[in-house]
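Please find below a colleague's note on the model under review. The points concern a sheet, a helix and a cavity.

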Amino acid sequence: MKVESMVLGAVATNCYFLINEETKETIVVDPADSPDVILKKAADEGLALKAVFLTHGHGDHIMAVQALRERTGIPVYACKAEEELLADPNRNLSAALFGKPVSLKADMLIEDGKELLVAGMKFQMLATPGHTPGGCCYYNEEAGVLLSGDTLFCGSVGRTDFPGGSMGTLVRSIEEKLMTLPDETRVYPGHQEETTIGAERRYNPYLRGV
């Protein structure tokens, strides 16, 4: 699996492309607000888009989803606990912060721990509430890759002052779900630069030496 990224949207959201190097089948993670840019990249690189994975439902991560789905027919995956927030433009902040109300329904609502085989690649969905009630991460054990969304950042964690947020819940999610992964696991967050589980275990000030 090859991971490529683009920084898109008003708040510099990381949109990832998880590419099966043998087939060019590709999963788009958190497509932000730029469907034309995403589709051009796919066309230029000969990528066959097969799915959208959402780490959570905030507007800066979802505004291109409907256009991508309409133009490609690909399914959208999200944590089941995020269903209500995805559907509510006020709770998902698409209306208030980005001026574009979005109400979205995922095609596949996934339970915590569910294993997925998409585009020939295996993932486990890890529910990590705290930033939002249905925030989640996607883990590929074979490649040693974690898509962490706005749960875990390099040296920080997601903010919890939006509707449904809880710092205690978020830190517990990280400690119980993510700090059990191998130190060498590469972490691809929703904003800013990538990191590793080992680096966050040692240096992240929000974690308690786990």
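The note begins with the basis of the values and then takes each topic in turn.

1. The model is predicted: local features need pLDDT of at least 70, side-chain atom pairs count only at pLDDT 80 or more, and totals for chains, interfaces and linings use all residues. Residues are numbered from 1 along each chain as its sequence is written, and side-chain values use heavy atoms, with hydrogens and water left out.

2. An open sheet of mixed pairing is formed by 6 strands in the order E7-E8-E9-E10-E13-E14. Its edge strands, each paired on one side only, are E7 (115-118) and E14 (195-196). Strands are DSSP runs (E, at least two residues), as are helices (H or I, at least four), numbered from the N terminus; two strands pair if DSSP finds at least two bridges between them.

3. Strands E9 (residues 136-140) and E10 (residues 145-149) run antiparallel and are joined by 3 bridges. Within E10, Leu147 stands opposite Tyr138.

4. Helix H6 (residues 167-178) has 12 residues and, at 1.5 Å a residue, should span 16 Å, which agrees with the 16 Å between its end C-alpha atoms. The expected span is 1.5 Å times one less than the number of residues.

5. Which residues of H6 are buried (under 20% relative accessible area, 1.4 Å probe, protein chains only)? They are Leu170, Val171, Ser173, Ile174, Glu175 and Leu178. These buried residues pack against elements including E8 (121-127), E9, E10 and helix H7 (197-203), contact being heavy atoms within 4.5 Å.

6. The largest cavity (points on a 1 Å grid over the protein atoms alone where a 1.4 Å probe fits but cannot get out; lining atoms within 4 Å of a point) is lined by Gly9, Ala10, Val11, Asp33, Asp60, Met63 and Phe98.

How values were computed:
Buried means under 20% relative accessible area, exposed over 50%, partly exposed in between (1.4 Å probe, protein chains only). On a 1 Å grid over the protein atoms alone, a cavity is a set of points where a 1.4 Å probe fits but cannot get out, and a pocket is an open set with protein on both sides within 12 Å along at least five of seven lines; lining residues have an atom within 4 Å of a point.
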